[in-house]
Amino acid sequence: MVATKKNIKATKKFEKKHLKGVLERRKVVAKIKQQTQIKEKKKAKRVKDAEFIKGPADEANGAKPAVEKAKKGAKASEMSVDDFFKGGFEILDKAEPSKAKTAGKLGKRKRGQTEAQDEASDESGSEASMGENAADVGSDEEEDASENDLGMSKNAMAALAEKDPEFYKFLQENDPEALEFDENADFSEIDELSGSDEEDGQPKKKQKKDKKSTDAEEDDRELTQAKVAKWKQSMADTHSLRTARQVVIAFRCAAHLNEADEDTQQRYTITDPDAFHGIVVVALKYIPEVLQHHLPVKESSSGKLYVNTESKKFKTLSMLVKSFTSSIIRLLSTLSDEATLKLTLSALQPLLPYLLSFRKLLKVLIKTVVAFWSQSASTDATRITAFLVLQRLTVVGDKGVREVVLKAAYQGLVQGSRLTNANTIQGINLMKNSAAELWGIDQSLGYTTAFSSIRQLAIHLRNSIVNNKNDAFRNVYNWQYVHSLDFWSCVLSEHCSPLKEAEAGKESQLKLLIYPLVQVTLGAMRLIPTSLYFPLRFQLIRSLLRLSRATDTYIPLASVLLEVLNSAEMKKPPKPSTLKQLDFAVNYKAPKSYLRTRVYQDGVGEQVIELLSEFFVLWSRNIAFPEFALPVIIMIKRWLKETRKKGSGNNNGKIGSGIVLLVQKLEANAKFIEEKRAKVDFAPNDRSQVDAFLKDFDWEKTPLGAYVVGQRKQRAEKQKLMEQARKEDNKKRKEAEEEELAGDDGNESDEDEEDQEDEDGEEEDEDDE
């Protein structure tokens, strides 16, 4: 009995003195393991995205490596569309493996982590150090290398000139950017430019006073609101370069505010939140104005914007521009407020003409802006602001810059569309519609990049057909592939329409890509023709309907929809179910619980009726509509006859009535066209008259057009009600979670009080003993 009591006392003593520390150490170890797992997941995602966009390094059918293929293969611009689906697919534009660069940025260890890592060494091993470093080292080594390789310091450049003058001379001739100063330079050369602007018109006594006041300011390391206001007034009145230098240095300190580095001490210390906000706003607003005043952006006779890079001012101010841009990139990674993000991204637009000479920094900037444009956490306003930066850069940049922007935008779209649901679909559609504009700025370059990407999609489809093993089809049946096909449909619909071609006065170069895109899309939707993937088929049909509507191109889609009607899912009687209706807009695969149920059959039937009506209404004014619709009408009537059989048919009155109404509208429209063409006086071989038949007649006034307009209104109202219900459900769920959290907090406080009472009772027992 005594031993048991001692054990209880020892346990309680341990809980009182040591349990908290042990739990904290365990949390630290768990956090390190979690960071390692997150790093591995991100690495796997990047590898998967790279394989999706550029193709796997080694093809599964024993092909040679992609690097060797790229050497032997032809360029995309030299290939014709007829060669598109010929054998021997090769991956185009495969980048050569870059030289290995190590960007080691060891994170600073916290005091509380030292003991925990020593205890967890047996459990986690080397993963602990990897996880710790993962918090500080960037997710992409190439990005870190680009950020850290923005230039040399002045001392390193002088040492290189002394030790190896021949290599220094080689760098001057071939890579002068490598010899530029780094972003931590103090811009002392700018004082020489600003001195002539400010001090020449002042008396010597006043100059001495100014120098004394400047020295006093430099001694004062604390950044205050008064100092920021003084700088703001100076730049607004005189566009002072010396003040701009101080503002850039202070802005750099603000961007690196939360970084603890003992080796490099920041020029200014910022403790006042208002001073931090003030220096950020002043720098973002006035530094571009000062640069425009001293080094204006000019426009050539051809309308091209440029900056005189040969002048002494540009060579001196280039350090300031690079430091300011690097600080903006660093600041963007720490911001979460929408208004500040918009302000910071907007400040990049006037800086773009100055950055065209710094390709390494420009690539890092493009990658950062694309990340904000494509990530699901960004709001629509942030996405639009980031896109305007990309659009501006595409306009002012040369062909090389445009190619980098287009490839980065497509890669960001593919990565950002991995997760698609009711909350993210709106942002993904915004990305697709906005990015489609970039491919029309330079159509020759747009054709090359679009051809390469569509061809890569064809390679994925071909590999899934040839290597039909296990889950090979999953390389095609995923959201990234579906959104990629839909995106290229948006691009071609935007720039290949007759109206756009009439404005340009010539045929679009991108029009040659319509045929290969349609072939790849039709092949993808028929890869797995089961009812499980009917939602994916409907997604791709909508993409082709958009393309057909915008470009006046006939795409045979009726047969694809009739295959759905003739499937076992739509012919056999369904099972009763209480499942909620499936949202086909945010699903490419139906859950297995929905198969053979009444809910799923009704939803598929509604989609078939909608898509058939949308397909036929495109040609409702065509002179050949009666002959065009007749085979489909016959097959639909045959299907209706089979479904009405007792025992074997589905006996679904809801779908049957909807399809009967569609057949009636098709027949009425065919009769309407027959009446109109009975009055014409030209022969069928008169192509111009055939194309002009009912050209000026509104399609909404045709029998089928009026039916489609009414159906669209009903679907819009239904979608609005579903959106309201979804928002209410989300609101209720959040309120329930908050109540649970509040209840848990109350329970924890009650438990703490009970524990305190138990401890007091134990102390009393010990005193009694």
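**Figure 1. Helices H23 and H26 lie side by side in this predicted model.** Here helix H23 (residues 479–495) packs on helix H26 (residues 534–551) at an angle of about 10°, and the two axes are 8 Å apart. That angle is under 35 degrees, so the pair counts as roughly parallel. From H23, the contact draws on Trp479, Val482, Leu485, Asp486, Ser489, Cys490, Leu492 and Ser493. H26 answers with Leu536, Gln539, Leu540, Ser543, Arg546, Leu547, Ala550 and Thr551. Sort the residues of this contact by class and you get nine nonpolar, five polar and two charged.

**Figure 2. Zooming in on Ser543 of helix H26.** Ser543 is one of the H26 residues in the contact with H23. Which residues does Ser543 touch, leaving aside those up to four places away in sequence? They are Asp486 and Ser489, and both belong to the H23 side of the contact. Ser543 has 3% relative accessibility, so it counts as buried.

**Figure 3. Leu545, also in helix H26, and its partners from elsewhere in the chain.** Leu545 is at 4% relative accessibility, which is why it goes down as buried. Not counting residues up to four places away in sequence, Leu545 touches Leu557, Leu611, Glu614, Phe615 and Leu618. Take Phe615: Leu545 and Phe615 are 70 residues apart in sequence, yet their C-alpha atoms are 6.8 Å apart in space. Contacts across long stretches of sequence are a general theme here: of the contacts in the protein with a separation of 6 or more, 75% join residues 24 or more positions apart.

**Figure 4. Helices H13 and H14 cross at an oblique angle.** Helix H13 (residues 241–255) meets helix H14 (residues 273–294) at about 140°, with 9 Å between the axes. Oblique or roughly antiparallel? The antiparallel label needs an angle over 145 degrees, so H13 counts as oblique to H14. The crossing of H13 past H14 is left-handed. On the H13 side you'll find Leu241, Ala244, Val247, Val248, Ala250, Phe251 and Ala254. Facing them from H14 are Phe276, Ile279, Val280, Ala283, Leu284, Ile287, Val290 and His294. The class count for this contact is 14 nonpolar, one polar and no charged residues.

**Figure 5. Helix H19 and what covers it.** H19 (residues 380–396) has 17 residues and runs 24 Å from its first C-alpha to its last, close to the 24 Å expected at 1.5 Å a residue. Its buried residues are Thr382, Arg383, Thr385, Ala386, Phe387, Val389, Leu390, Leu393, Thr394 and Val396. An α-helix has 3.6 residues a turn, so residues three or four places apart point the same way. What covers the buried residues of H19? The cover includes strand E2 (305–306), helix H16 (338–346), helix H17 (352–355), helix H18 (359–374), H20 and helix H21 (425–438).

**Figure 6. Helix H20, part of the cover over H19.** H20 (residues 399–416) has 18 residues, which at 1.5 Å a residue should span 26 Å; the end C-alpha atoms are 25 Å apart, so the two values agree. Buried in H20 are Val401, Arg402, Val405, Leu406, Ala408, Ala409, Tyr410, Gly412, Leu413, Val414 and Gly416. Gly400 is in H20 too, but with a relative accessible area of 33% it is partly exposed. From Gly400 to Leu445 is 45 residues in sequence and 9.7 Å in space, C-alpha to C-alpha.

**Figure 7. Two loop residues with positive phi, His239 and Leu694.** Most residues other than glycine have a negative phi. His239 is not a glycine, yet its phi is positive at about 50°. You'll find His239 in the loop between helix H12 (225–238) and H13. Leu694 likewise has a positive phi, near 55°, and is in the loop between helix H32 (687–691) and helix H33 (703–768). Leu694 counts as buried because its relative accessibility is 16%.

**Figure 8. Stepping back to the whole predicted chain.** The secondary structure of the protein comes to 33 helices and two strands. Buried residues make up 40% of the 769 in the protein.

How values were computed
Residues are numbered from 1 along each chain as its sequence is written. This is a predicted model: local features need pLDDT of at least 70, side-chain atom pairs count only at pLDDT 80 or more; totals for chains, interfaces and linings use all residues. Side-chain values use heavy atoms; hydrogens and water are left out. Axes are lines fitted to C-alpha atoms, for helices over the stretch in contact, and angles run from 0 to 180 degrees between N-to-C directions. Helices (H or I, at least four residues) and strands (E, at least two) are DSSP runs, numbered from the N terminus. Angles under 35 degrees count as roughly parallel, over 145 as roughly antiparallel, 65 to 115 as roughly perpendicular and the rest as oblique. Contact means heavy atoms within 4.5 Å. Ala, Val, Leu, Ile, Met, Phe, Trp, Tyr, Cys and Pro count as nonpolar, Asp, Glu, Lys and Arg as charged, and the others, Gly among them, as polar. The expected span of a helix is 1.5 Å times one less than its number of residues. Buried means under 20% relative accessible area, exposed over 50%, partly exposed in between (1.4 Å probe, protein chains only). A crossing is left-handed if the near helix is turned anticlockwise from the far one by less than a right angle, and right-handed if clockwise.
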